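Colleague: I have the model open next to the sequence and would like to go through it with you. Could we take it topic by topic?

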Amino acid sequence: MQNYDVIVVGGGPAGTAAAYSFSEQGKTVAIVEADLWGGTCPNRGCDPKKILMSAVEAKAKAAHLAGKGITGELGIDWKTLMAFKRSYTDTVPTQTKQGLVDTGITTYEGEAEFIDEQTLRIGSEIVSADQFLIATGQRPALLPIKGQEYLHTSTDFLAMEKMPAKITFLGAGYVAFELATIAQAAGAEVHIIHHNDRPLKAFDQELVNAFVEQLQKQGISFHFNVEIESISQINEGYTLQGTGFELHTDYVVSAAGRIPNVESLHLENAGVDYSKRGIKVNDYLQTTNPRVFACGDVLDKEQPKLTPVSSFEAKYAVASMSQKGSRSAITYPLIPTIVFGGLKLARIGQSEKQLAQNPQIHSETINLADWFTYRRINDPVAMLKLVYNQEGQIIAITCLSSIADELINLCYLILEKQLTHQEIEALIFAYPTPASDLTYII
Ligand SMILES: Cc1cc2nc3c(=O)[nH]c(=O)nc-3n(C[C@H](O)[C@H](O)[C@H](O)COP(=O)(O)OP(=O)(O)OC[C@H]3O[C@@H](n4cnc5c(N)ncnc54)[C@H](O)[C@@H]3O)c2cc1C
Ligand SMILES: NC(=O)c1ccc[n+]([C@@H]2O[C@H](COP(=O)([O-])OP(=O)(O)OC[C@H]3O[C@@H](n4cnc5c(N)ncnc54)[C@H](O)[C@@H]3O)[C@@H](O)[C@H]2O)c1
């Protein structure tokens, strides 16, 4: 039986980043992937979505300037756009695997399961290691309702060859907002059904409401406080039913969160504890078995499940696993997050949950729509919310505009490095850009 210094389970952003780092340390490393090398982000997550978003953004930019010198309406040719997406995604698995092989990392394909604390089975192969790192990520949750077999997922959507005439999303988080925006721009009639009246609950409600209002104006229908109980197939389409609610649609996406990939690992054989939220780890990303560590989306941790977070954890886990003696606990920098679209909602700083528990905070909402940066591109809505602590320091920022992604990263640097107004004022930014607005914001 082949023994390695480390076996990494999961070939997504977290697992591959860790495998390269172990290899750089001169360790013998194997990595196991059950499906597509590269994992969720480049195959069925961030990157393919962002390629489709390029067309959405171009269309939205032109629409914002309608009557301001732009004439005519842009359209999206879904088939060609999907071919553009595939020109990137099709090569991801082979290129990812080749990069690992070229570095001297042994690759295994198949679902890994623990036989005991030191041994894994991958199909017909049995391998062992001194240490393991689990980075098996998450998969979309399918709502447990009658007719569940008719539900599609974000993965199906991102591989869809034809845009349905009428598409419905169940849930109102990142996936629903982003994919709904894409579908609407591509010409579909779009519905978002949500079981309560608090969509995008990780974001500031005032700006979420402004975002929803704008998407409604664009034509997306929101149905709040509706609990869907069943889906039935009628002719070519589906009927969604809840108490006092019925909607006929051509395609239904379950956008109600993601669940950790843990079951197939048989973690009980390795003495690794987990919950329905993921693998339990201590402050060193070590599981209940000291030889086994975990990182990325598969963790039962409250940090947002995002690609840069999983890569950060992978880097920390490698250091933590390689260090003998005392280590310092993982500490996360601030984590920016963005809901992408023609308009983008972005935030940084203390979470909405933390802010809600702090009665001492105060906030200021700034309407940016009249600022030159936004007038020039004629954004229909441009807002910024700053939340301050008792000492008057900014502890959270949320922004909504078509360039909120650019602004949030600038805000990130300022908050993370605790730059003061005087320090920002002493800098020269290229003008006119979102950066040159900063002295008026902070
Ligand atoms: C539609 C969508 C859009 C997203 N957009 C963004 C975005 O814009 N920005 C952002 O930061 N994040 C985004 N994310 C989240 C991002 O994709 C994840 O945070 C990131 O991929 C997590 O990386 P990971 O390595 O932890 O897990 P994954 O990327 O999920 O990789 C885990 C890998 O482990 C494999 N695996 C599972 N079980 C086993 C097993 N038993 N044996 C072997 N292999 C196994 C899986 O096949 C998978 O390839 C998006 C996610 C989705 C679904
Ligand atoms: N731009 C990005 O960074 C990005 C984009 C897409 C996905 N992601 C990652 O993927 C994760 C999954 O996205 P998501 O949108 O599926 O999850 P989410 O957690 O963002 O939203 C899930 C939504 O489903 C609702 N919901 C939960 N249980 C429900 C039920 N039983 N019935 C009806 N609705 C229910 C929730 O209230 C919530 O609004 C995100 O949390 C994020 O980590 C990130």
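## Cavities, cysteines and annotated sites

Modeller: Let me begin with the largest cavity, whose lining is made up of four nonpolar, three polar and four charged residues. Please keep in mind throughout that this is a predicted model.

Colleague: Which residues line the largest cavity?

Modeller: The lining consists of G296, D297, L299, K301, Q303, P304, K305, L306, V309, S310 and E313.

Colleague: And what volume does the largest cavity have?

Modeller: The computed volume of the largest cavity is about 50 Å³, and the structure holds two cavities of 30 Å³ or more.

Colleague: What about the second largest cavity, how much space lies in there?

Modeller: The second largest cavity holds about 30 Å³ of space, and its lining is formed by D204, R347, E352, L355, K385, V387, A396, I397 and T398. By class, that lining divides into four nonpolar, one polar and four charged residues.

Colleague: Which element gives the most to the lining of the second largest cavity?

Modeller: That is β23, which gives three residues. At least two lining residues come from each of α10 (352-356), β22 (383-388) and β23 (394-401).

Colleague: Switching to annotations: which residues does UniProt list for "binding site" alongside K50?

Modeller: The unreviewed UniProt entry lists K50 together with D297 under "binding site", and of this set D297 belongs to the lining of the largest cavity.

Colleague: Where is D297 placed, and is D297 buried or exposed?

Modeller: D297 sits in the loop that runs between β18 (292-294) and α9 (307-322). Its relative accessibility is 18%, so D297 counts as buried, the cut-off for that class being under 20%. Not counting residues up to four places away in sequence, D297 touches G137, Q138, K305, L306 and S310.

Colleague: And K50, where is that found?

Modeller: K50 is found in helix α3, which covers residues 46-64, and K50 is partly exposed, with a relative accessible area of 31%. Leaving aside neighbours within four places in sequence, K50 is in contact with E57 and F340.

Colleague: There is another "binding site" annotation in the record, I think; which residues does that one cover, besides G257?

Modeller: In the unreviewed UniProt entry that annotation covers G171, A172, G173, Y174, V175, A176, F177, E178 and G257. These residues span 87 residues in sequence, yet no two of their C-alpha atoms are more than 13.5 Å apart, so they gather at one spot.

Colleague: Take V175 and E178 from that set, then: where is each of them placed?

Modeller: V175 lies in helix α7 (residues 174-185), and E178 has its place in helix α7 as well. With a relative accessibility of 29%, V175 counts as partly exposed, whereas E178 is buried, with a relative accessible area of 5%.

Colleague: What does each of them touch?

Modeller: With residues up to four places away in sequence left out, V175 touches S154, A180 and A255. On the same footing, E178 is in contact with K49, M53, I338, V339 and F340. F340 thus appears here as a contact of E178, and K50 also has F340 among its contacts.

Colleague: On to the cysteines: how many disulfides does the structure hold?

Modeller: The structure holds one disulfide, formed by C41 and C46, whose sulfur atoms are 2.5 Å apart. The link of C41 and C46 is left-handed, with -135° about the S-S bond. C41 counts as buried at 9% relative accessibility, while C46 is partly exposed, with a relative accessible area of 28%.

Colleague: Why is C411 not bonded to C399?

Modeller: The closest cysteine sulfur to that of C411 is the one in C399, and at 5.6 Å the two are too far apart for a bond. C399 counts as buried at 1% relative accessibility, and C411 is buried too, with a relative accessible area of 0%.

Colleague: Last one: which residues does the dimerisation domain annotation cover?

Modeller: The unreviewed UniProt entry has "domain: Pyridine nucleotide-disulphide oxidoreductase dimerisation" covering residues 335-435. Over residues 335-435 the chain is 27% helix and 29% strand, and the C-alpha atoms at the two ends are 19 Å apart.

Technical notes:
Residues are numbered from 1 along each chain as its sequence is written. Chains are lettered from A and ligands numbered from 1 in the order in which they are written. This is a predicted model: local features need pLDDT of at least 70, side-chain atom pairs count only at pLDDT 80 or more; totals for chains, interfaces and linings use all residues. Side-chain values use heavy atoms; hydrogens and water are left out. UniProt positions are given in the numbering used here, feature names are shortened, and annotations may be inferred rather than shown by experiment. On a 1 Å grid over the protein atoms alone, a cavity is a set of points where a 1.4 Å probe fits but cannot get out, and a pocket is an open set with protein on both sides within 12 Å along at least five of seven lines; lining residues have an atom within 4 Å of a point. Helices (H or I, at least four residues) and strands (E, at least two) are DSSP runs, numbered from the N terminus. Buried means under 20% relative accessible area, exposed over 50%, partly exposed in between (1.4 Å probe, protein chains only). Contact means heavy atoms within 4.5 Å. Grid points are joined across faces, edges and corners, and a volume is the space filled by probe spheres set on the points. Ala, Val, Leu, Ile, Met, Phe, Trp, Tyr, Cys and Pro count as nonpolar, Asp, Glu, Lys and Arg as charged, and the others, Gly among them, as polar. A disulfide is a pair of cysteine sulfur atoms within 2.5 Å.
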